[in-house]
Amino acid sequence: RKTMKRNIATIGLAVSLATVSAPALAVDFSANLGYNSQYIYRGIPQKNSSAFGGLDLAAGGFYAGTWGADVGDGIEIDYYGGYGFEVGDFNFGVGGTLYTYTGDFDDTYKEINLSAGWKFLTFDAAIGKYDNFDGPTLNYQFYSVTAEHNGFYGKVGWFADDFDGTYLEGGYGNTLTVQETDLFDYAFAVIYSDSTLLGGSSDTNFVFTLSKTFDF
């Protein structure tokens, strides 16, 4: 049985876009490119050695974007949008994501995304449907709790409904800066996925990520 795809294992993308806030009326446009030693999404390995890239637009707390990655059999292309805002030390977000594939690697996913955070803690929830090729449409939920401090982070994520399984993730990410110039972002992550999530034996993977964001 196929389950969820895409890369939140990449720390550069691990911070939910739903928590983005921007000055009123200001419009920010950015692009990103990167490389993963292994593409893992929500604890599920997708492909060894994968390039990715995306485009993002943010204005007054609203955001929209698209992101793509090499999955071997074609390209995964995701579309997302939503709104995020802050109240003191708290932040909240609501949005949606559509996951599509140019090849036969997987079928389409549609989900609603919710987030709530306080200082160094963030809770994320996704409520979705999976088209499942010629089989019946499957319903799923995904939940995660992430703690972050000075570039270090730890995460626990788990599925519910028609999908099952849990994973643990920990890592560190930062930006390489030379003479006050940001060159690129880098990240390391260790991910443990249980046997239920992988549909066989449990596994532990180490992921290295390089990425670069361009602001316009």
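**Figure 1. Gly-54, a buried glycine in strand β2.** Gly-54 is buried, with a relative accessible area of 8%. In this predicted model, the residue belongs to strand β2, which covers residues 44-59. Have a look at who surrounds Gly-54: apart from neighbours within four places in sequence, its contacts are Ser-30, Ala-31, Asn-32, Thr-66 and Trp-67. Thr-66 is twelve residues away from Gly-54 in sequence, yet their C-alpha atoms are 5.5 Å apart in space.

**Figure 2. The salt bridge between Glu-111 and Arg-42.** The structure contains four salt bridges, and this view takes in one of them, where the side chains of Glu-111 and Arg-42 meet with an N to O distance of 2.9 Å. Glu-111 sits in strand β6 (residues 109-118), while Arg-42 sits in the loop between β1 (27-41) and β2, so the pair ties together parts that are 69 residues apart in sequence. Both partners are worth checking for burial: Glu-111 counts as buried at 5% relative accessibility, and Arg-42 counts as buried at 4%.

**Figure 3. The salt bridge between Asp-89 and Lys-119.** Here the side chains of Asp-89 and Lys-119 form a salt bridge, at 4.0 Å from N to O. Asp-89 is placed in the loop between β4 (75-87) and β5 (90-101), and Lys-119 in the loop between β6 and β7 (121-130), so this pair joins parts that are 30 residues apart in sequence. Asp-89 is partly exposed, with 45% relative accessibility, whereas Lys-119 is exposed, with a relative accessible area of 53%.

**Figure 4. The salt bridge between Lys-110 and Asp-131.** In this close-up, the side chains of Lys-110 and Asp-131 come together in a salt bridge of 3.0 Å, N to O. Lys-110 is part of strand β6 and Asp-131 is part of the loop between β7 and β8 (138-149), so the pair connects parts that are 21 residues apart in sequence. Lys-110 counts as partly exposed at 42% relative accessibility, and Asp-131 counts as partly exposed at 26%.

**Figure 5. The largest nonpolar core.** Welcome to the interior: the largest nonpolar core has 27 residues. The members with the most contacts inside this core are Tyr-39, Trp-67, Tyr-109, Tyr-130 and Phe-163. Elements giving two or more residues to the core are β1, β2, β3 (62-70), β5, β7, β8, β9 (152-161) and β11 (181-193). Trp-67 may be familiar from the first view, as one of the contacts of Gly-54.

**Figure 6. Tyr-130 and Phe-163 among the aromatic rings.** The whole structure has 24 aromatic pairs. One of them is the edge-to-face pair of Tyr-130 and Phe-163, with 6.1 Å from centre to centre and 65° between the planes. Tyr-130 lies in strand β7 and Phe-163 in the loop between β9 and β10 (166-178), so the two rings tie together parts that are 33 residues apart in sequence. Tyr-130 counts as buried at 0% relative accessibility, and Phe-163 is buried with a relative accessible area of 0%. Ring pairs also link Tyr-130 and Phe-163 into a cluster whose other members are Tyr-41, Tyr-99, Tyr-109, Tyr-140, Phe-142, Phe-159 and Tyr-167.

**Figure 7. Confidence along the chain, and residues 1-23.** The chain has a mean pLDDT of 91, with 88% of its residues at 70 or more. Please take care with residues 1-23, where the pLDDT is below 50. In the model, this stretch has 96 contacts beyond near neighbours in sequence.

Definitions and conventions. Residues are numbered from 1 along each chain as its sequence is written. This is a predicted model: local features need pLDDT of at least 70, side-chain atom pairs count only at pLDDT 80 or more; totals for chains, interfaces and linings use all residues. Side-chain values use heavy atoms; hydrogens and water are left out. Helices (H or I, at least four residues) and strands (E, at least two) are DSSP runs, numbered from the N terminus. Buried means under 20% relative accessible area, exposed over 50%, partly exposed in between (1.4 Å probe, protein chains only). Contact means heavy atoms within 4.5 Å. A nonpolar core is a set of buried Ala, Val, Leu, Ile, Met, Phe, Trp, Tyr and Cys residues joined through side-chain atoms within 4.5 Å. pLDDT is the predictor's confidence in each residue, from 0 to 100. Rings of Phe, Tyr and Trp (its six-membered ring) pair if their centres lie within 6.5 Å; planes under 30 degrees apart count as stacked, over 60 as edge-to-face and the rest as tilted.
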